[in-house]
Amino acid sequence: SILVHREGKAIFANKTAVKTLGAKSQEEILGKNVLDFVAMDYREIALERITQLYTGKTDHAPFRKEKLVRLDGTSFWAEITSRIITFEGKPAVVTSARDLSERIEAEKLLEETHRIYLEAIKNINGVPYSFNYNENDYEFIGEGVEQLFGIPKKEFTRSKMASLVKEIIIPGHDLPNPHQFTNMLISGKTK
């Protein structure tokens, strides 16, 4: 989103800014005080950044995460940067904003998924792992391996796993895949 403002009033908004700020047309934004689009808790910082641009203390305000407000009053997080420019022959500030809503939602979903994953591992007393069949060794072993097998994580290897199993007795002739074998080992279906 691109918004150009002078003396605190919006004088240009591109189509993305119109959409992001919840307007139907540029005219709904033009003439409005730009601080009306900034959440109350961030207005003082935004005003200070704009003042520094106009007074020449800086020629640009670096990227910063701020909470913005749409015309309907709903708020959203955005990454903001501003720069002093000449617009229609006079000094103005151009502000670029990127809506972070989708990224923040993805981060929340990732955090929740991670929480569920950790809770599931904890509740089943399991050990997540990744085995590289080309290298014939573990790439990753979860934290619960010491509790489950009595072997510190950093010492757990394929040969250590093999030393835990003295004999495998499996009904039928089919050998289990590693996941089946681990489940059989944990459930006591192997000797």
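What follows is a short exchange about selected residues in a predicted model.

Biologist: How confident is the predictor in the protein chain, by mean pLDDT?

Modeller: The mean pLDDT is 85, and 86% of the residues reach 70 or more. Confidence is lowest in helix H6, residues 178-187, at a mean of 66. It is highest in strand E2, residues 9-13, at 97.

Biologist: Why is Ser82 called buried?

Modeller: Its relative accessible area is 9%. Buried means under 20%, so Ser82 is buried. Ser82 lies in strand E4, residues 75-87.

Biologist: What makes the link between the side chains of Ser82 and Thr95 a polar contact?

Modeller: The distance is 2.8 Å. The cut-off is a pair of N or O atoms within 3.5 Å, where one can donate a hydrogen and the other accept it. The Ser82 and Thr95 side chains are joined by such a contact.

Biologist: Which residues does Ser82 touch, not counting those up to four places away in sequence?

Modeller: Leu53, His60, Ala61, Val93, Val94 and Thr95. Here, contact means heavy atoms within 4.5 Å.

Biologist: Why is Glu7 called exposed?

Modeller: Glu7 has a relative accessible area of 71%. Exposed means over 50%, so Glu7 is exposed. Glu7 sits in the loop between strands E1 and E2.

Biologist: What is notable about the phi of Glu7?

Modeller: The phi is positive, about 50°, although Glu7 is not a glycine. Most residues other than glycine have a negative phi.

Biologist: What makes Glu88 count as exposed?

Modeller: Its relative accessibility is 66%. The cut-off is over 50%, so Glu88 counts as exposed. Glu88 is in the loop between E4 and strand E5, and has a positive phi of about 55°.

Conventions: Residues numbered from 1 in each chain as written. Predicted model: local features only at pLDDT ≥ 70, side-chain atom pairs only at ≥ 80, totals over all residues. Heavy atoms only, no water. Helix = DSSP H or I, 4+ residues; strand = E, 2+ residues; numbered from the N terminus. Buried < 20%, exposed > 50% of the residue type's maximum accessible area, 1.4 Å probe, protein only. pLDDT = per-residue confidence, 0-100.
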